[in-house]
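Hello,

Here is the structure I promised to pass on to you. Please have a look at it first, and then read my notes below.

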Amino acid sequence: MIIKTLKARILRALKSSLPAAASPPPSPTKPGRAAAAVVVVAADAFSDDASFFDAHETPTKNGAEPIDDWELVDEEGRVGAAAAAEEEEEEQLREFPARCPAGGEGAVVLYTTTLRGIRKTFEDCNGVRALLENLDVAFQERDVSMDRGLRDELWSVTGEKAVPPRLFVRGRDVGGAAQVLALHEDGRLLALLSPGSNKNRSAAAAAAKCGACGGLRFVVCGECDGSRKVFDGERGRGVRCRGCNENGLVMCALCLS
């Protein structure tokens, strides 16, 4: 189909560039008839093929020329339907509010909690986490129960006291558990996640098998051993450790790298 369309365009270009056919000298035997035959043959040489291919071209809006797969090549070398599909997925992602957590410009970020204080919140977090893992999606899980700074970060990004789980995809706020599950039931979730996840699936597997934190993204502080206190020689007493959070934990260096 691509070759046929290309041929039709070449034929139209050649036909439009031809000068008006000049009348040949009249034939001494059959005056006028030979000239008409030459003009008819010259016109039909292009009109037959052009009209055949024109009839098979896909009509487009506003009279624009149809675009073939070989014409759709983006900066990353993606051709045809692949480039168009990714562009459509990015267009769908623009429907969601532009809210980007720190370091989430090109990543999938999920805020969760592992505390069982509120059963529904805990189960919703487990459900969304399991869904992303089953879809084989690379994502950064930020447990607000492990670090109060992550909770404050979530509140700052959303502009409200948002309750986890909360999913962000490449700087867009997709929503909580209800919104994520609804997108999955409609068959739209994987399409939104795939551009950022296909390239980093090996990274997701590596993070899940981290030998330092076991996938929790936090380890015990090495300065205070989790006690949140260190001895100050000048004061002669224990002081608050400045290297860890309120739980005596620090972010895993291997996961951050």
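**What I found**

The accessible surface of the chain comes to about 16,100 Å², and carbon and sulfur atoms hold 55% of that. Please keep in mind that this is a predicted model. The chain has 257 residues, of which 33% count as buried. Its secondary structure consists of 9 helices and 8 strands. Among the contacts with a separation of 6 or more, 64% are between residues 24 or more positions apart.

A good place to begin is α5, which spans residues 148-158. Which residues of this helix are buried? They are Leu150, Leu154, Val157 and Thr158. Viewed down the axis of α5, these buried residues fall within an arc of 90 degrees, so they line one face of the helix. An α-helix has 3.6 residues a turn, so residues three or four places apart point the same way. What covers the buried residues of α5? The cover includes β1 (108-112), β2, β3, β4 and β5 (218-220).

Both ends of α5 are worth a look too. At the N-terminal end, Asp147 acts as a cap, with a side-chain oxygen 2.8 Å from the backbone nitrogen of Gly149. After the helix comes Gly159, which has a positive phi, near 75 degrees.

If you follow the chain onward, you reach the loop between α5 and β3 (166-169), where Pro165 lies. The peptide bond from Pro164 to Pro165 is cis, and its omega is near 5 degrees.

Finally, here are two residues with a backbone angle you may want to check on screen:

- Asp136 is not a glycine, yet its phi is positive, at about 60 degrees. You will find Asp136 in the loop between α4 (119-134) and β2 (140-143). Is Asp136 buried or partly exposed? Its relative accessibility is 39%, so Asp136 counts as partly exposed.
- Arg170 is also a residue other than glycine with a positive phi, near 50 degrees. Its place is the loop between β3 and β4 (172-175). Arg170 counts as buried because its relative accessibility is 16%, and the cut-off for buried is under 20%.

If you have time for one view, I would look down the axis of α5, where the buried residues line one face, and then turn to the strands that help cover them, including β1 and β5.

Happy exploring, and do write back with any questions.

Best wishes

Methods
Residues numbered from 1 in each chain as written. Predicted model: local features only at pLDDT ≥ 70, side-chain atom pairs only at ≥ 80, totals over all residues. Heavy atoms only, no water. Helix = DSSP H or I, 4+ residues; strand = E, 2+ residues; numbered from the N terminus. Buried < 20%, exposed > 50% of the residue type's maximum accessible area, 1.4 Å probe, protein only. Arc of directions from axis to C-beta. Contact = heavy atoms within 4.5 Å. Polar contact = N/O pair within 3.5 Å; in protein donor to acceptor, adjacent residues only side chain to side chain. Areas by Shrake-Rupley, 256 points an atom, 1.4 Å probe, with all protein chains shown as cover.
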